[in-house]
Amino acid sequence: MKITVIGTGLIGSQLATELTARGHEVTAASLSSGVDLLTGAGLDSALAGAEAVVNVTNSPTFDEQSIEFFRTTVGNLLAAGERAGVRHQVALSIVGVDQVPELDYYRAKTLQEDLLRNGPTPYSIVRATQFFEFMEPTMSWTSDETAVRLPATPLQPIASRDIVDVLADVATGTPLDGILEIAGPDTFTLDELGRMTLAARGDSRPVVVDDQAGLFAAVHGDVLTPGPGARLAPTRYQDWLNGATRR
C-alpha cells in the first residue's frame with residue numbers, strides 16, 4: 001500500500017519506519033517536509049496516490065487554541081484526502097477523551113473525532129491510554145526539589161512502540177468506521193507510577209498524593225482506563241522502565 005503518515009514526532013517517526021519495514025510505500029509529512037496542515041500547503045502532493053492516511057499530529061498548545069487547531073487541520077486533511085481519492089483516514093486519539101470536558105485539549109480531540117466520523121471518507125479512530133514516555137513530563141509539572149505531587153488518577157499506560165504496532169495494523173486493514181481502544185496490560189494510580197519511576201531513577205523524593213495537582217486533577221474516577229473490549233498491549237511499565245533506565 002501507499003500510506004501517508006501526517007506527523008513525524010514520537011509516534012509518527014516510529015510508524016513510518018514500521019510501515020516501511022512491512023513493505024509499504026510511506027510518505028512522512030510534516031512542517032519540515034513542507035506540509036502545513038493549518039494552511040493546507042503541501043497536502044495535495046503528500047497525499048497523491050495514498051490509499052490510507054494516518055494522522056498523528058498534535059496541537060502546539062493544550063489550551064483552548066487547540067480546538068481551532070483541530071477544526072482547521074482536520075478539515076484541510078479530509079478535503080485533501082477526498083481530492084486525492086484516499087480510502088481510509090486513521091486518527092490517533094485518547095481513551096476517555098469525551099469524558100473530561102473540563103480540559104480544553106480533550107474537547108479539541110473530541111472535536112477531531114467528530115469531524116472524522118462525519119467526514120466523507122471511511123475512517124478508524126484508535127484511542128490509546130497515556131504513553132509510558134509521558135510519565136516524566138507529567139511528573140515535572142508538579143515537582144520541586146523536595147517532592148512530587150500527583151493525584152491518584154487510575155491509568156493503564158501503554159508503550160509508544162505498542163501503539164505503533166496497532167496503528168500499522170489498522171492502517172493496512174479495513175476501515176473500522178468506529179473506535180478501537182488500546183491500553184497497556186496493567187492499571188496503576190498516577191502516584192504509584194510516580195513512585196515506580198522515581199525508584200528506577202534512584203530519586204529519593206517522596207510522591208505526595210494531591211488530587212488538585214496537575215493536568216489530571218480534572219479527571220474524575222476511572223474514565224481514562226479502557227472498556228472491556230480494548231486491545232491490551234504486551235509491554236509492562238516496569239519492564240519498559242528498567243530498559244529505559246539502562247539506556
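## Salt bridges, cores and empty spaces

Searching the whole structure turns up 19 salt bridges. Keep in mind that this is a predicted model, so everything below is a reading of predicted coordinates.

Let's start with the charged pairs. Three of the salt bridges are set out here, with the distance between nitrogen and oxygen.

| Salt bridge | N to O distance |
|---|---|
| R161 and D165 | 2.5 Å |
| D203 and R201 | 3.1 Å |
| R205 and D203 | 2.9 Å |

Why do R161 and D165 sit about one helical turn apart? Both belong to helix α6, which covers residues 160-171, and they are separated by about one helical turn because they are four residues apart in that helix. Neither end of the pair is hidden away: R161 counts as partly exposed at 33% relative accessibility, and D165 counts as partly exposed too, at 26%. This pair also has company. R161 and D165 belong to a network of salt bridges that links them with E18, R22, D169 and R231.

Then there is D203, which takes part in a salt bridge with R201 and in another with R205. D203 is partly exposed, its relative accessible area being 22%. R201 also falls in the partly exposed class, with 38% relative accessibility.

R205 leads us on to S143, since R205 is one of the residues that S143 touches once residues up to four places away in sequence are set aside; V148 is the other. S143 itself is placed in the loop between α5 and β6. With a relative accessible area of 26%, S143 is partly exposed. How far apart are S143 and S204 in sequence and in space? They are 61 residues apart along the chain, and their C-alpha atoms are 13 Å apart.

Now for the greasy parts. The largest nonpolar core holds 30 residues, and the ones that touch the most other members are Y106 and Y237. Several elements give two or more residues to this core: the helices α3 (65-84), α4 (104-117), α5 (135-140), α7 (190-201) and α8 (237-246), together with the strand β6 (148-150). As for Y237, which residues is it in contact with, leaving aside its neighbours within four places in sequence? They are F132, M135, F188, L193, M196 and T197. There is also a second, separate core, made of 24 residues, with I3, L15, V54 and I158 among them.

On to the empty space. Rolling a probe the size of a water molecule over the atoms is what shows where such space is left. Two cavities of 30 Å³ or more come out of a search of the whole structure.

The largest cavity has a volume of about 50 Å³. Its lining consists of N55, V74, L77, L78, Q89, V90, A91, Q112 and L116. At least two lining residues come from each of α3, β4 (88-94) and α4. By class, this lining splits into six nonpolar and three polar residues, with no charged ones.

The second largest cavity encloses about 40 Å³. Around it are T138, W141, T142, L150, P151, L190, A213, G214, L215 and F216. Here the split is seven nonpolar, three polar and, once again, no charged residues.

What about open space? The largest pocket holds about 970 Å³. It is lined by 43 residues, and those lying nearest its centre are N58, F62, Y105, F131 and F134. Elements that each supply at least two residues to the pocket lining are α1 (10-21), β4, α4, α5 and α7. Which classes make up that lining? The pocket is lined by 30 nonpolar, eleven polar and two charged residues.

Some elements turn up in several of these places. Helix α4, for instance, contributes to the largest core, to the lining of the largest cavity and to the lining of the largest pocket. Helices α5 and α7 give residues to the largest core and to the pocket lining.

One last backbone oddity: D177 is not a glycine, yet its phi is positive, at about 45°. D177 is found in the loop between α6 and β8 (179-183). Is D177 buried or partly exposed? D177 counts as partly exposed, with 46% relative accessibility.

How values were computed. Residues numbered from 1 in each chain as written. Predicted model: local features only at pLDDT ≥ 70, side-chain atom pairs only at ≥ 80, totals over all residues. Heavy atoms only, no water. Core = buried A, V, L, I, M, F, W, Y, C linked by side-chain atoms within 4.5 Å. Buried < 20%, exposed > 50% of the residue type's maximum accessible area, 1.4 Å probe, protein only. Contact = heavy atoms within 4.5 Å. Salt bridge = Lys/Arg side-chain N within 4 Å of Asp/Glu carboxyl O. 1 Å grid on protein atoms, 1.4 Å probe; cavity = no way out; pocket = protein on both sides within 12 Å on 5 of 7 lines; lining within 4 Å. Points joined across faces, edges and corners; volume = space filled by probe spheres on them. Nonpolar A, V, L, I, M, F, W, Y, C, P; charged D, E, K, R; others polar.
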